[in-house]
Amino acid sequence: MSRFGRIVVGLDASEGARRALRFAVDLAFELDAEIVGVHGRGLLEEAMAPGEQADLVGQRSLPPGSEGDESFEQQMEAWLSEIVSEHGAGEGAGRSAGLPRHRWRVVEGNPVMALVAAGRAEDASMIVVGSRGAGGFAGLVLGSTSQQLALHADRPVVIVPGP
Amino acid sequence: MASMLLVAGDPTLDRHETPAGHPERPSRVGAALAGIDAAGLKEAVVRLEPRRATLEELARVHAPGYLEALRAFCDAGGGNLDPDTVAGPGSWDTAILAAGAVLAGIDALDAGAGDAAFVAARPPGHHASADLAMGFCLLNNVAVGAAALAERGERVVIVDWDVHHGNGTQEIFWDDPRVLYVSTHQSPWYPGTGRRTERGGKGAPGLTINIPVPAGATGDVLCHAFDTLILPAAARFDPTWVLVSAGFDAHREDPLAGLALTAGDFGDLAARVQQLAPRPGRLALVLEGGYDLGALERSVGAALAAILGHHYRPESASAGGPGMDAVEAARRAHEEGGDPGHGVDQRMSR
Ligand SMILES: [Zn+2]
């Protein structure tokens, strides 16, 4: 294993998360690192039916499930395959093997808290998240997972911007 | 026996709006207050004047930069703080009124105005840490109250019987020998913290007590936790004040969790926290969760009636659910101790 070991990626069903995963895939190939995809499962998501809570606070989350949940894993496996095939295979040492090494984890709690904890538990070399377009200065500090994570994490955070 | 109940919190000043369909909604406070009337306690109630917590009072537990950013976020129109938590233009004022209501209750008790206080305000607080809003919570109301007392030299027990673990409160007092934090909560469940091995930091070993219980646990399980672990541990701590993070979402009808308590069980728990208080006038219950309005009304009524020595039991106690072994395991974890600081990888502050 390379000195970059593991890369934790923050995942939900958003485009921003997909961009973060794409960036992490590139990194994982280049650095010979393992991807650990982490989803922080919130209070509403835990208690309510799929989709029921999505409209409440305007943030899309994944179907509920526990560690090893199939719907989460299936969706992320599908994204990973799409991303790798979009990028083409064969370039770089890691790519001949197909998909990068990876695991998926669902962690209860606020996304920031879940990613900070997972970063520590996995001793990750970095945490990769997508940015969400929260407007205004205050929004930058409080309203986005990526900015909160940058304030709270005890290891490097990579924020992947929108197109 | 207590006879005067101080009630803090004013729903007419509540301007913390959440989207339609969100379970943490303004009508919760009305339902909680209706429980007081339903229990026939109207005569015993003294309503307290609303007041706002000052920045200085909030800064005992929250980072000044967080307070500034939260106020600016609300003033700018607000938005989502995480997938569960929203704030709007009126949320800052409502939040400082909720924290202020705890302080108003404590000060009125301190002045000898009553025997117990009930803080009926929102948003709830026990998930909010020093610098992170989450789980519907913006400011940690009960922590603001406990910190005010601790600063006056008091020894405070916080009993958190909300169905969710109060990660924010635990974190705030993790290393603080002036405060004993005890939580019963469903596990595994949001927010994922509150394992029985989380026992407090080096400065306060054993002063965090977590009693996670499985889905389906009934009132007898929590009463067993009080009788065998919480009451003896609190007696050893010898508190001068008792604050309760009184969530009522462990009720069997609550939509956000899976415990199986009834209103009668909350009466039994309330009678036990009253035993913890060193004397009348040293017990305050602070509303946290509780999302089924009918269950909330009945449970608040039963809890406060038990404290005032009135008979009001709209539902009988529940028994027979799983979790006795979990309580035993928590008791052993507390008594055997272990490395302070073990199992705290979800703490946010460093
Ligand atoms: Zn709760």
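# Reading a two-chain predicted model

Modeller: Let's start with one cysteine: the sulfur of Cys137(B) is 14 Å from the closest cysteine sulfur, which belongs to Cys74(B), and that is too far for a bond. Keep in mind that we're looking at a predicted model.

Biologist: How far is too far, and how many disulfides does a search of the whole structure find?

Modeller: The general idea is a distance test: two cysteine sulfur atoms must be within 2.5 Å to count as a disulfide. Searching the whole structure, over all chains, turns up zero disulfides. For Cys137(B), the 14 Å to the sulfur of Cys74(B) rules out a bond.

Biologist: Is Cys137(B) buried or exposed? And what about Cys223(B), buried or exposed?

Modeller: Here you look at the relative accessible area, and anything under 20% counts as buried. Cys137(B) has 1%, so it is buried. Cys223(B) is buried too, because its value is 10%.

Biologist: Now the metal. Which protein donors does the zinc ion have?

Modeller: To read a metal site, you look for donor atoms around the ion. In this model, Asp162(B) is listed twice, with an OD atom each time, alongside His164(B) through ND1 and Asp249(B) through an OD atom. These donors lie 2.0 to 2.7 Å from the zinc ion.

Biologist: Where in the chain do Asp162(B) and Asp249(B) sit?

Modeller: They link distant parts of the chain, 87 residues apart. Asp162(B) is in the loop between strand 6 (156–160) and helix 6 (167–172) of chain B, while Asp249(B) is in the loop between strand 9 (241–246) and helix 8 (263–276) of chain B. Written as a spacing, the zinc donors follow D-x1-H-x84-D. Both Asp162(B) and Asp249(B) are buried.

Biologist: What arrangement do the four donor atoms around the zinc ion make?

Modeller: Start from the ideal: four tetrahedral donors would sit at 109.5 degrees. Real sites get some slack, and four donors count as tetrahedral if all angles lie between 85 and 135 degrees. Around this zinc ion the angles run from 53 to 154 degrees, so the arrangement is irregular.

Biologist: Okay, on to chain A. How many helices and strands does the secondary structure of chain A come to?

Modeller: You count the elements, then read their order. Chain A has seven helices and five strands, and along the sequence they go β-α-β-α-α-α-β-α-β-α-α-β. Of the 163 residues in chain A, 54% are buried. One place to look is strand 3 (residues 102–108) of chain A, where you'll find Val106(A). Val106(A) is buried, given its relative accessible area of 8%.

Biologist: How do I read the way helix 5 and helix 7 of chain A pack?

Modeller: Take an angle and a distance between the two axes. Helix 5 (residues 111–121) and helix 7 (residues 145–152) of chain A pack at about 45 degrees, with their axes 9 Å apart. That angle makes helix 5 of chain A oblique to helix 7 of chain A. The crossing is right-handed. By the way, helix 7 of chain A holds His152(A), which counts as buried because its relative accessibility is 6%.

Biologist: At what angle do helix 4 and helix 5 of chain B pack?

Modeller: Helix 4 (residues 91–110) and helix 5 (residues 141–151) of chain B pack at about 40 degrees, and their axes are 8 Å apart. So these two helices of chain B are oblique to each other, and helix 4 of chain B passes helix 5 of chain B in a right-handed crossing.

Biologist: Last topic, the backbone. Which residues does a cis peptide bond join?

Modeller: For a peptide bond, check omega. Ser187(B) and Pro188(B) are joined by a cis bond with omega about 0 degrees. From Tyr190(B) to Pro191(B) the bond is also cis, with omega near 0 degrees. Pro188(B) is in the loop between strand 7 (179–186) and strand 8 (208–213) of chain B, and Pro191(B) is in the loop between strand 7 and strand 8 of chain B as well.

Biologist: And which residue has a positive phi although it is not a glycine?

Modeller: One of them is Asp32(A), with phi about 55 degrees. Asp32(A) sits in the loop between helix 1 (15–31) and strand 2 (34–41) of chain A, and is partly exposed at 43% relative accessibility. Asp123(A) has a positive phi too, about 45 degrees. Look for Asp123(A) in the loop between helix 5 and strand 4 (126–130) of chain A; at 56% relative accessibility, Asp123(A) counts as exposed.

Conventions. Residues numbered from 1 in each chain as written. Chains lettered and ligands numbered in written order. Predicted model: local features only at pLDDT ≥ 70, side-chain atom pairs only at ≥ 80, totals over all residues. Heavy atoms only, no water. Buried < 20%, exposed > 50% of the residue type's maximum accessible area, 1.4 Å probe, protein only. Donors = N, O, S within 2.8 Å, 3.2 Å for Na, K, Ca; no water. Tetrahedral: all angles 85-135°; square planar, octahedral: opposite > 155°, others 65-115°. Helix = DSSP H or I, 4+ residues; strand = E, 2+ residues; numbered from the N terminus. Axes fitted to C-alpha atoms, helices over the stretch in contact; angles between N-to-C directions. Parallel < 35°, antiparallel > 145°, perpendicular 65-115°, else oblique. Left-handed = near helix turned anticlockwise from the far one by under 90°.
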